[in-house]
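The paragraphs below lead through selected backbone features, one sheet and one annotated stretch of the chain shown here. Please keep the sequence and the coordinates at hand while reading.

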Amino acid sequence: MVSSSSSLTIASSPSFFSNDRSLPSLNPIAPSLALPAIRSSALAVTSRSSKGRRCLIRRMSVSGGDSSETAPSDMIFGPILEDGVLRFDCSVEHRKAAFPSVSFKNSKEREVPIQSHIVPAFTPTYSLLEEQQVVTFQFSPGTSFYGTGEVGGQLERTGKRVFTWNTDAWGYGPGTTSLYQSHPWVLVILPTGETLGVLADTTRKCEIDLRKEGVIRIISPPSYPIITFGPFSTPTAVLQSLSHAVGTVFMPPKWALGYHQCRWSYMSGKRVAEIAQTFRDKKIPSDVIWMDIDYMDGFRCFTFDKERFPDPSALAKHLHNNGFKAIWMLDPGIKQEEGFDVYDSGSKNNVWVKGADGEPFIGEVWPGPCVFPDYTNSKARSWWANLVKDFISNGVDGIWNDMNEPAVFKVVTKTMPENNIHRGDDELGGVQYHSHYHNVYGMLMARSTYEGMELADKNKRPFVLTRAGFIGSQRYAATWTGDNLSTWEHLHMSISMVLQLGLSGQPLSGPDIGGFAGNATPRLFGRWMGVGAMFPFCRGHSEAGTDDHEPWSFGEECEEVCRAALKRRYQLLPHFYTLFYIAHTTGAPVATPIFFADPKDSRLRTIENAFLLGSLLIQASTLSNQGSHELQPIMPRGTWLRFDFEDSHPDLPTLYLQGGSIIALGPPHLHVGESSLSDDLTLLVSLDENGKAVGLLFEDDGDGYGYTEGRYLITHYIAERQSSVVTVKILKTEGEWERPKRRIHVQLLLGGGAMLDAWGMDGETIQIKMPSESEVSALISTSSERFALHMENTKLIPEKEVLHGQKGMELSREPVELNSGDWKLNIVPWIGGRILSMTHVPSGVQWLHSRIEMNGYEEYSGTEYRSAGCTEEYNVIERDLEQAGEDESLILEGDVGGGLVLRRKIAIPKDNPRVVQIASSIEARSVGAGSGGFSRLVCLRVHPTFCLMHPTESFVSFTSIDGTKHEVWPDSGEQLYEGNNLPHGEWMLVDKSLNLGLVNRFDVSQVFKCVVHWDCGTVNLELWSEDRPVSKESPLKIEHEYEVASFP
């Protein structure tokens, strides 16, 4: 290993196991902690490998060990919880050795067998590989996989691999394998439509490999059980059964289902008040304003900046009077500063996570050096909850937990060392290394925050939003999909991400509407608001340094679309609120893929631009130049009737209501506080082929817990057609509330947007006389024609004119895609000609993914970092497509000044599609005669920034020209190689966890220096040419290629 001084550090975890119940390597620490040694009892169990070796099965992972895999064996099983739920273990000893469940709402329920005659429909096998427990399920062809929690990329997960390791994944892409949350859960839709749920109940890093059709492969340190749910007849039944284990979503206050406006950051109370007032002045519905980290005094949690937020209580009162709630951020990192009362209190109460030396771990975050509460310990959770309780007294309505993976700056892993020590409660797993609790740290923080809000006011429902989480987090918090990008790709991906979270037990989620990083264009923002207004959690948020991203920030056309989108949401709030009551009480999902309407229909299983909210279907366009009316949707079978609110627009989704359904609508108030039980109630009715429809409406105070004591009203409405009359009435009611005196407006959908309507009083029978069949056909025809004409005459939101060099306009263009052979690349010619993403298709690994204006694959024309070449606009000189019989290639040129151009050819050769070839040169085009035809001193510096999926298991390997073998690990910081130490034409970025290496081959005669630079979650593998002037006859060149190979 090469070592050097560096500002980056990486923890090398010790062996996590021992043959003894106490861990000898940590025994010296235990006395200083006044705690028992870390629980790590090895199993007194052996298993023969195929080569006859004996392998010790231990609780925690060990580096090294026997690399052979034992022969697969069937797991043993027993029924738990309820009929249809089975627990599988490798053996009785494994079952005894498994750690307590953190995902189950009652961990004891996982341990207690029940009487049941159910036998497994699918029995997993297990084997041992390098002291990892490998569990395999095999299903028939035509099986589809979903779930795996918070993941980017496609909806149907076959071909994908996920690693559950909560990661600060700013600007993630569709190939990023670890995001902010961990859900070791797969929803399996069988060819028949029957559904099975598979939960790997472990908090440890877990690989979920779905790359082979019909096969689930789960790899994690032993010992952990597998819990299966089903097969049941529907996916909803599986999710309801899952909720009986891991809990249902908390019941949100009704205001939390309104629109939330956020930014990093609104820098003063005055600015917050201005934003709130603008919403009201412009008649754009909204309920919540968010305060990001800059409200604090020097980023110290539980404080307020005395100049910019001098009186938070007065600000909260002002917002409340204007119909707004206020949500404030709290991070886990507490500034290490004597005299700061939160730090002093935490130190006195001994609540901090410990380092391997037994002292409080210090990590750099926003305030600088920070300590971190140990939320695995009940004492620390109580300490935090009481801080939250006091904090609420400032008029705080909700709390936002961010950075709680936990994120740590200036370390390559982007988190705390895996050998940090948590003094966990026995029921959570006891004293353990951070590697055991890492994935549940954010959930336990959210739990502590939720409990603190409960302490503050038992008559209000807490609202907590968390970035990091684990399966079961929905009991305490909503979530959002993290730091996404302002791109059309991320708009499209946001639908699948929200659905996957819902399919993994977390129904209350949504993306940062408009994208967090970068600048949205008017059309992108308006389109995203149209879709986002239909998501369960609806919040706009944007990064510091970007343009304003409020609904009115993009021109009148976009503002009008945003207003219409949010008015839709507020009219649908009775439906949303009812869905969340059902989710809270039964575990049913809120937003689902459209195959939930017919799980047997394989056509529906890969639809990514549509989703269901109960019986409501939302169909959206996620392509820039395609309006929603231009879609050719694949619809579930049966009756689906289109409707709108007289607001149809190409940038808004198309809405359909399933035949047989009734949903309730309310007025488009500006905030939830304006609503009243006496408001007119609209019932939207879509009859099925038998002329019937049913629906229910849940109503209560919108906050508090009266609904748990009968203070609510559930109304079951029914509509039936008999002869030419449709009768709408109440079928039954539940709850103690009296029915409000209010008018009912029934809208009976006919098709094509046509409808009949009638008015009456709620509780009365309302009848609608149907026209003749010919009259109905005429109404439908007229409505359809009117809709088509309206959409034809309504233009898409215009995009801004793209001006060269104009800040913020980088996203209004689409990247150039090279997609051939083993590779898929996205290139942005207009900013440095950079390669934005580089995905190896067979492995599904995205080796390179960056923000659009920096990082990725860059090239410079000088030795200085980010010298000319990485920001200039490049011209596309030539574009060849594989379909035209050529190599898939792109040739770019950028002017780097002084008569020089940087020319680059990126190609995926037809005769060797496994590689990406890049040939770059600095060429003289118009160097002045006075210089003798030679340019200034230049150097071609190739600067790719590769993503580290597994930083602690990644290194650079090569053999130098002099024959020396090198392994360069992240703790070496930056290393430079030249002369005989230069790699001999090839070096490899290795990911041991993936068993893959990215090989970079180059011409040694063109490369004079190689540099390895490790950073937070990334590594640069730089190639430098010599440093000299160039002429027309003597350009500088570097020709190199990338290929993915197996390792070892």
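Strands, as the word is used here, are DSSP runs of E covering at least two residues, and they are numbered from the N terminus. The model is a predicted one, and the strand labels give each feature of the backbone its place. Strand β15, which covers residues 226-232, contains P231, and the peptide bond that leads from G230 into P231 is cis, with omega near 10 degrees.

A second cis bond precedes a proline as well: the one from E405 to P406, for which omega is near 0 degrees. P406 belongs to a loop, namely the one between β22 (398-401) and β23 (421-423), whereas P231 lies within a strand. As background to both bonds, most peptide bonds are trans, and most residues other than glycine have a negative phi.

The second half of that background leads to two further positions. T148 is not a glycine, yet its phi is positive, at about 60 degrees; T148 sits in the loop between β8 (144-147) and β9 (161-164). R866, likewise not a glycine, also has a positive phi of about 60 degrees, and the loop that holds R866 runs between β48 (857-860) and β49 (874-880).

Are these two residues buried or partly exposed? With a relative accessible area of 3%, T148 counts as buried, because that value falls under the 20% cut-off. R866 has a relative accessible area of 26% and is therefore partly exposed, since this class covers values between the 20% and 50% limits.

From single residues the path turns to a sheet. Five strands form an open sheet in the order β31-β32-β33-β35-β34, and their pairing is antiparallel. Its edges are β31 (591-592) and β34 (640-643), each of which pairs on one side only. At the β31 edge, the partner is strand β32, residues 610-613, and the two strands pair in the antiparallel sense over two bridges. One residue pair can be located there directly, as A591 has L613 of β32 for its bridge partner.

Finally, one stretch of the chain carries an annotation from a record. An unreviewed UniProt entry places the feature "domain: Glycoside hydrolase family 31 N-terminal" at residues 123-209. In the predicted model, the chain over residues 123-209 is 0% helix and 43% strand, and the C-alpha atoms at the ends of this stretch are 17 Å apart.

Terms used. Residues numbered from 1 in each chain as written. Predicted model: local features only at pLDDT ≥ 70, side-chain atom pairs only at ≥ 80, totals over all residues. Heavy atoms only, no water. Helix = DSSP H or I, 4+ residues; strand = E, 2+ residues; numbered from the N terminus. Buried < 20%, exposed > 50% of the residue type's maximum accessible area, 1.4 Å probe, protein only. Pairing = 2+ DSSP bridges. UniProt positions renumbered as here; feature names shortened; annotations may be inferred.
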